[in-house]
Amino acid sequence: MNPDPTFLITCALLIACSNNNAAQESTATKTEQQPQVASNAEMNQPPGDGIVGYWKLTLEAYDDNGNKTLDEEERKKGIKNRYTYRFNADGSCQIQENFKGRYEVKTEIGNKMLYVYRNRVVGEEDKDPAPDVYRIITENKNQLVLLEKIGDLVFWVFERAG
């Protein structure tokens, strides 16, 4: 005896709908567990505005008075440095010319934070290195000013190079 074709089609549709609902629930659960991460796509930022692009470090300065603000006097005492980042829209990045990695921009306690994760170098370490964490002080189309999270003592002033 052959099953009714209408019965087979109905069963197939029920199974397909059931699988789709499970996938949506899984996606919703994963999304809820993620910390707040701001990407250019989510913020509708056009390329060139925000963090995406090639950045060259032009000044490294120390927060001598501990106020977490880059004062004019601290800027004058800053030193030149040659560090670079290339932040891509897909969350990947190039650190200097030597390292690849990824980055995330998060909001923590009202501060915009940048996490830069360097990919592990084979044979160097057992696990991925801890991320470099910065508080974003200034972010515009020409300048990116970061304050290193460790100690809140060092400002890194980057200029957009591309």
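In the predicted model, the side chain of Glu74 reaches the backbone nitrogen of Asp71 at a distance of 3.0 Å. Glu74 belongs to helix α3, which spans residues 72-76. The residue is buried but takes part in no salt bridge; Lys77, the nearest side chain of opposite charge, is 7.1 Å away. Because a salt bridge requires a side-chain nitrogen of Lys or Arg within 4 Å of a carboxyl oxygen of Asp or Glu, the separation of 7.1 Å from Lys77 does not qualify. When neighbours within four places in sequence are set aside, the contacts of Glu74 are Ala61, Tyr62, Asp63, Asp64, Asn65, Asn67, Thr69 and Phe155.

The strands form a closed barrel. Its 8 strands follow the order β1-β2-β3-β4-β5-β6-β7-β8, and the pairing is antiparallel. On average, neighbouring strands of this sheet are turned by 35° against each other, with direction ignored. Strands of a sheet pair through backbone hydrogen bonds, in either a parallel or an antiparallel arrangement.

Within the barrel, strand β3 was examined together with its partners β2 and β4. Strand β2 covers residues 84-87 and strand β3 residues 92-95; the two pair in the antiparallel sense over 3 bridges. Arg86 has Gln94 of β3 as its bridge partner, and Phe87 stands opposite Cys93 in β3. The two strands form a hairpin with 4 residues between them. In the turn of this hairpin, Gly91 has a positive phi of about 95°.

On the other pairing, β3 and strand β4 (residues 99-108) are antiparallel and share 4 bridges. Ile95 has Phe99 of β4 as its bridge partner. These strands also form a hairpin, with 3 residues between them, and Gln96 in the turn has a positive phi of about 55°.

Side chains alternate along β3. Cys93 and Ile95 point to one face and are buried, whereas Ser92 and Gln94 point to the other face and are not buried. For Ile95, which lies in strand β3, the relative accessibility is 3%, and the residue therefore counts as buried; the cut-off for this class is under 20%. Leaving out residues up to four places away in sequence, Ile95 touches Tyr83, Thr84, Tyr85, Val116, Tyr117 and Arg118. One of these contacts, Tyr83, is 12 residues from Ile95 along the chain, and the C-alpha atoms of the two are separated by 8.1 Å.

Note on methods:
Residues numbered from 1 in each chain as written. Predicted model: local features only at pLDDT ≥ 70, side-chain atom pairs only at ≥ 80, totals over all residues. Heavy atoms only, no water. Pairing = 2+ DSSP bridges. Axes fitted to C-alpha atoms, helices over the stretch in contact; angles between N-to-C directions. Buried < 20%, exposed > 50% of the residue type's maximum accessible area, 1.4 Å probe, protein only. Lys, Arg positive; Asp, Glu negative; His and termini not counted. Polar contact = N/O pair within 3.5 Å; in protein donor to acceptor, adjacent residues only side chain to side chain. Contact = heavy atoms within 4.5 Å.
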